[in-house]
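Here's a quick briefing to read with the model open next to you. Have a look at the fold before going through the points below.

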Amino acid sequence: MKTKTLPIIILLFLHLTIQAQISHGGEPLFLQNSFLRSTPSFYIEMPSFDVQKMLEEDQSDEAGNMRGSFRFAKKFYTDIERGKSGISYVLADGTKVWQVGIRSEGAYSINVLFSEYHVPEGGKLFLYSSDKSHILGSFTSENNSEDNMLPIAPVDGDEIIVEYSE
């Protein structure tokens, strides 16, 4: 009986360990998204790319290298900083909010790796699809790490919004 339950326990353990970053609850503010979308500097546009060409490259790599893996994403490096991109505003209660959109036309999902992540106590970070159907967060000071990095799971859609409040 133990040999039958062991694989199930291991699979459950593996399933738990491969989850994305731990989020800490709460809700994003979703403020004035129609206003934000009409602002030219709100969305950062990722360069277009040819998905079919990438799939063909992966297919030829698989045949030549026996690597057997396909890319799940097209990687772009960008520098998005609060105060330089997106929109900042202050709510009536004094809460400071920064929102920025990221758009990659035709993408099935967008994920983000923060390479300089440090959130002070009280700060909250959310990522969500522009239609608000897929929400990740909040990510807080509890997600701070020694390497100052925070990888976030993919968010559905070709437009996402990053929202930070403190």
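In what order do the elements of the protein run from the N terminus on? They go α-α-β-α-β-β-β-β-β-β-β-β-β, which comes to 3 helices and 10 strands. Keep in mind that this is a predicted model. The protein has 166 residues, and 31% of them count as buried.

**The largest pocket**

- The largest pocket holds about 1,700 Å³ of space. Its lining is made up of 45 residues, and those closest to the pocket centre are Phe-76, Thr-78, Asn-111, Val-112 and Leu-113.
- Which elements each supply at least two residues of this lining? They are helix α3 (51–65) and the strands β3 (96–103), β4 (109–110), β5 (113–114) and β10 (159–165).
- Helix α3 gives the largest share of the lining, with 4 residues.
- By type, the lining residues of the pocket divide into 27 nonpolar, 10 charged and 8 polar.

**Salt bridges**

- How many salt bridges turn up in a search of the whole structure? The search finds 4.
- Glu-159 pairs with Arg-103, and their closest N and O atoms sit 2.8 Å apart. This pair links distant parts of the chain, since Glu-159 is in strand β10 and Arg-103 is in strand β3, 56 residues apart.
- Is Glu-159 buried or exposed? Glu-159 counts as buried, because its relative accessibility is 19% and the cut-off for buried is under 20%. Its partner Arg-103 comes out as partly exposed, with a relative accessible area of 22%.
- Glu-45 joins in here too: Glu-45, Arg-103 and Glu-159 are linked in a network of salt bridges.
- Arg-82 and Glu-166 also meet through their side chains, in a salt bridge of 3.7 Å from N to O. Arg-82 lies in the loop between α3 and β2 and Glu-166 in the segment after β10, so the pair ties together parts that are 84 residues apart in sequence.
- Both ends of that bridge count as partly exposed: Arg-82 has 45% relative accessibility, and Glu-166 has 33%.
- Lys-84 forms a salt bridge with Glu-81, with 3.7 Å between the closest N and O atoms. Lys-84 is exposed, at a relative accessible area of 67%, whereas Glu-81 counts as partly exposed at 31%.

**On the surface**

- Phe-49, Val-51 and Leu-55 form a nonpolar patch on the surface. Together they have about 240 Å² of accessible area.
- Within that patch, Val-51 belongs to helix α3. Val-51 is partly exposed, with a relative accessible area of 45%.
- Lys-74 sits in the loop between α3 and β2 (87–90), and it is partly exposed with a relative accessible area of 38%.
- How far apart are Lys-74 and Ile-110 in sequence and in space? They are 36 residues apart along the sequence, and their C-alpha atoms are 9.6 Å apart.

**Backbone spots to check**

- Most residues other than glycine have a negative phi, and most peptide bonds are trans. The next few places go the other way.
- Which two residues are joined by a cis peptide bond? They are Gly-137 and Ser-138, and omega there is about 10°. Ser-138 is part of strand β7, which covers residues 135–139.
- Lys-132 has a positive phi of about 65°, although it is not a glycine. You'll find Lys-132 in the loop between β6 (124–129) and β7, where it counts as partly exposed at 35% relative accessibility.
- Asn-148 is not a glycine either, yet it has a positive phi of about 55°. Asn-148 lies in the loop between β7 and β8 (150–151), and it is partly exposed, with a relative accessible area of 33%.

Terms used. Residues are numbered from 1 along each chain as its sequence is written. This is a predicted model: local features need pLDDT of at least 70, side-chain atom pairs count only at pLDDT 80 or more; totals for chains, interfaces and linings use all residues. Side-chain values use heavy atoms; hydrogens and water are left out. On a 1 Å grid over the protein atoms alone, a cavity is a set of points where a 1.4 Å probe fits but cannot get out, and a pocket is an open set with protein on both sides within 12 Å along at least five of seven lines; lining residues have an atom within 4 Å of a point. Grid points are joined across faces, edges and corners, and a volume is the space filled by probe spheres set on the points. Ala, Val, Leu, Ile, Met, Phe, Trp, Tyr, Cys and Pro count as nonpolar, Asp, Glu, Lys and Arg as charged, and the others, Gly among them, as polar. Patches are made of residues with over 30% relative accessible area and no salt bridge: like charges are joined within 9 Å, nonpolar side chains (Val, Leu, Ile, Met, Phe, Trp, Tyr) within 5 Å. Accessible areas come from the Shrake-Rupley method with a 1.4 Å probe; for residues, only the protein chains shown count as cover. Buried means under 20% relative accessible area, exposed over 50%, partly exposed in between (1.4 Å probe, protein chains only).
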